[in-house]
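Colleague: Before we discuss the ligand, please show me the model.

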Amino acid sequence: MKAENLSLKPGLYVTATPIGNLGDITYRAVAVMKGADLILCEDTRQTAKLCAAYDVKTPRMAYQDHNAERVRPEILDRLRNGEAICLVSDAGTPLIADPGFKLVREAREAGIDVFPLPGASAVIAALSASGAPSDRFLFGGFPPAKKIARQKFFTDFADASGTLIFYETGNRLGDSLADMGAAFGDRDAVVARELTKIHETFHRARLRALAAEYASAPPKGEIVVLVFPKTETTPDSDEIDAFLEQALTEMSVKEAAAAAAENLNIPRRVAYEHALALRHKS
Ligand code: SAM
């Protein structure tokens, strides 16, 4: 068995690979990729480029959403038989918005060793250089593509404290930022694009300004969105009600809520609930 020959312990090696810059790989990742019996790849052609760059000749096999259920039993058998198997994704850390969770869970349940090989991940790279508060953060992965589901998805994050981090694609970025603005209020945010690559950019502005900008010019490349935490300066209930009482003398509930959200920088849902309660009272 090759793993034993190279004194690589049998088990599953969850191995991070670069998110753009090929230099962002660890010595240990290269050694494990070379020493393993098999490399499981999200896309074998993508991983072939990395293997060529680091002279890795280990056999590769696809492990992705389409074949995972079918091939998992065979992989678990090979692990039980003492092989060392390396799991990589196209970029970054496997399982982080990428395949691998069920394999890791079932390997652990079968008593097989699972070793993390830490390295690049877009969520951490973005947070570390964005200027957004980093002491507490919540990673939401990809928001749903459909509008109603996405609005509901963001609402679930509105009361969380800490920086909120999402992955998004260029063509949905404008809509997604607009929905974040509606759910979170007009907070500061950073759009981090093409990290570790030639066109790397960090762009900070308020959510609504970012939404308008990217709706008219969808950006190319890979994107992480970081939304600053809700601030201590968020107005309290009395301030919201005082604003709305005045607004409701000349506007509908919907219009007054929109005006309050805009002026007080609060989520539209919160403004609407207050406006509705005031209208029922009157
Ligand atoms: N497993 C990866 C990780 O650890 O970051 C993420 C895989 S997920 C399928 C791909 C998404 O991650 C992209 O659509 C983008 O949102 C984000 N991403 C990956 N590489 C990136 C980069 N170089 N710059 C910005 N975002 C990136």
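Modeller: The space taken by the ligand is the largest pocket. This is a predicted model, in which local features need pLDDT of at least 70 and side-chain atom pairs count only at pLDDT 80 or more, while totals for chains, interfaces and linings use all residues. Residues are numbered from 1 along each chain as its sequence is written, and side-chain values use heavy atoms, with hydrogens and water left out.

Colleague: What makes the ligand lie between domain 1 and domain 2?

Modeller: Domain 1 (2–120) and domain 2 (123–227), whose bounds come from an automatic or database domain assignment, both give residues to the shell around the ligand, so the ligand lies between them.

Colleague: Why is the pair formed by Ile-96 and the ligand called a polar contact?

Modeller: A polar contact is a pair of N or O atoms within 3.5 Å, and a backbone N or O atom of Ile-96 lies 2.8 Å from a nitrogen atom of the ligand, so the pair fits that definition. For Ile-19, a backbone N or O atom is 2.9 Å from a ligand nitrogen, and a polar backbone atom of Leu-195 is also 2.9 Å from a nitrogen atom of the ligand.

Methods:
A polar contact is a pair of N or O atoms within 3.5 Å; within protein, one must be able to donate a hydrogen and the other to accept it, and residues adjacent in sequence count only if both atoms are side-chain atoms. On a 1 Å grid over the protein atoms alone, a cavity is a set of points where a 1.4 Å probe fits but cannot get out, and a pocket is an open set with protein on both sides within 12 Å along at least five of seven lines; lining residues have an atom within 4 Å of a point. A molecule sits in a cavity or pocket if more than half of its atoms lie within 2 Å of its grid points.
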